[in-house]
Amino acid sequence: MPKQIHLAAHFPGVNNTTVWSDPRGGSHIEFSSFVHFAQTAERAKFDFLFLAEGLRLREQAGKIYDLDVVGRPDTFTVLSALAAVTEQLGLTGTINSTFNEPYEVARQFASLDHLSAGRAAWNVVTSWDAFTGENFRRGGFLPQDQRYARAKEFLTTAFELFDSWKGDEIAADAGSGQFVSRPDVGAFSHEGPQFSISGQFNVPRSPQGRPVIFQAGDSEEGREFAASTADAIFSRHSEFEAGRAFYTDVKDRLATYGRSRDSLLILPAATFVLGDTDAEAQEIAHQVRLQQVSGQTAIRFLEQLWNRDLSAYDPDGPLPDIDPDTGDDHIAKGRASVRMNRDPVAVAREWRALATEKGLSIRELIIEVTGRQSFVGSPRTVADEIDRFVQADASDGFILVPHVTPGGLDGFADTVVPLLQEKGVYRTEYEGTTLREHLGLAALGNAVPVG
Ligand SMILES: Cc1cc2nc3c(=O)[nH]c(=O)nc-3n(C[C@H](O)[C@H](O)[C@H](O)COP(=O)(O)O)c2cc1C
């Protein structure tokens, strides 16, 4: 039997992937948008809906960055509401371990798991910037090297809380008048460098016992954290060779933690563009890239690498011949890409060389070097490509990020999904009821402790 493909849907967010100005685009905050999106994902038998997290409005050069969508509602509120209008779709929320407290987060996830009858998942991120931290009670908060230490202990502590109820405590014995069978239900005590807490957890054991755990960081520490603890990784490696390298790297790490290769799923983010023919899809994809990277967006994007005001440059002209400013005070605040460019001067030189070689303007260069569409083609081509990636272990499936809200998944559900089903690589009905079952993960009895 061929490997079965896992698919999920990322609600389009505050990146330039999302074309909010598209005439087909709707609200990014009204409930009706979330409902349409979630119900389409469920109709397509997807494993789950995914929400990313960003806890401060992005800024550039001291002003709100508003070329992309600005603002987003709270994750638990949205996922809880969606639990009521879906029946089987998993609900995955990104919640960071840097600015929160384990007791609060464990309560929220245990509650979501109850409300959704076992469909909750937690994408544990460490969040990257002190700028976001200023919104929280301790200001900028932790330096980068301590975030995974906190993340690990955060998760250990949350697991202690989830596991503090075994599942048989509610007696509800009207005869004796006793509701619980033991006075010490939910008792916990955690003593560690990051958290020193004790008491009784007040949410009874949830249907999955704990939410499914996702991880998204890409560093050495991030990969080890995932290999020791996570059930799935939300990865950025959606290209074939890079995907295979990442897949092998992470799956090879599992043995150290006594885990099997199928106990951790690798799910890269992927975009797609469909057309009646491959040629039509390529043309639509080109138009989408032009929508995503306007002249203004290209200049602002370049400023993020150059760390300088480049507003005087013409997006249709050549790249700046000055080098990036490598000082710490960064022009862009609140976005991950800043940290991804570890050597801006070297990247700038590569981009300049590429632009010269191909005769590209600033805008054309940015279109060339930033996020291409992952899958472009007719439904048949896209279905075959997705299948090829999964069968070749470049991934276990994909978290799809459409560029239009909320209807961007509709075409995929109607045309690509039936082809995958025909190939026998994708479910035609949900077989289980919990997200852990959709993902084919072992029951919790086999779950590993935080390494
Ligand atoms: C694919 C991907 C998605 C991420 N999504 C989020 C997110 O939605 N919210 C967030 O605060 N951090 C997000 N992160 C950031 C990570 O949690 C982490 O802080 C960052 O990648 C730095 O850790 P690293 O050095 O291990 O990569 C994401 C990272 C990756 C690789």
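## A walk from the small sheet to the ligand

Begin with strand β3 (residues 59-60): two bridges tie it to β15, and the two strands run antiparallel. Keep in mind as you click around that this is a predicted model. Select Gln60 next, and look across to Ala332, its bridge partner in β15. Now widen the selection to the whole open sheet, whose three strands follow the order β4-β3-β15 with antiparallel pairing. Its edges are β4 (63-64) and β15 (332-333), each of which pairs on one side only.

Next stop, the barrel. Select the eight strands β1-β2-β5-β6-β11-β12-β13-β17, and you will see them close into a barrel with parallel pairing. Neighbouring strands here are turned against each other by 30 degrees on average, direction ignored. For a closer look at one pair, show β6 (residues 120-125) and β11 (residues 212-215), which run parallel and are joined by four bridges. Within that pair, Ala121 has Val212 of β11 as its bridge partner. Add helix α6 (residues 220-229) to the view: this helix packs on the sheet and touches β6, β11 and β12 (232-235). Its direction makes about 165 degrees with that of β11.

Now move to helix α1 (residues 31-43). How far apart are its end C-alpha atoms? A distance label between them should read 18 Å; this agrees with the expected span, because 13 residues at 1.5 Å a residue should cover 18 Å. The span counts one less than the number of residues.

Which residues of α1 are buried? Colour Ser33, Phe34, Val35, Phe37, Ala38, Thr40, Ala41 and Glu42, and you have the buried set. As a reminder for reading that pattern, an α-helix has 3.6 residues a turn, so residues three or four places apart point the same way. Show the partners too: the buried residues of α1 pack against β1 (6-10) and β2 (48-51) from the barrel, and against helices α2 (75-85) and α14 (410-422). Before you leave, click Lys45, which follows α1 and has a positive phi, near 60 degrees.

Finish at the ligand, which 17 residues surround. The closest are Glu53, Tyr148, Ala216, Asp218 and Ser219. Three polar contacts are good to label here. A polar backbone atom of Glu53 is 2.7 Å from a nitrogen atom of the ligand. In the side chain of Tyr148, an N or O atom lies 2.6 Å from a ligand oxygen atom. Thr126 also contributes a polar side-chain atom, 2.9 Å from an oxygen atom of the ligand.

Methods: Residues are numbered from 1 along each chain as its sequence is written. This is a predicted model: local features need pLDDT of at least 70, side-chain atom pairs count only at pLDDT 80 or more; totals for chains, interfaces and linings use all residues. Side-chain values use heavy atoms; hydrogens and water are left out. Two strands pair if DSSP finds at least two bridges between them. Axes are lines fitted to C-alpha atoms, for helices over the stretch in contact, and angles run from 0 to 180 degrees between N-to-C directions. Contact means heavy atoms within 4.5 Å. Buried means under 20% relative accessible area, exposed over 50%, partly exposed in between (1.4 Å probe, protein chains only). A residue is near a molecule or strand if one of its heavy atoms lies within 4 Å of it. A polar contact is a pair of N or O atoms within 3.5 Å; within protein, one must be able to donate a hydrogen and the other to accept it, and residues adjacent in sequence count only if both atoms are side-chain atoms.
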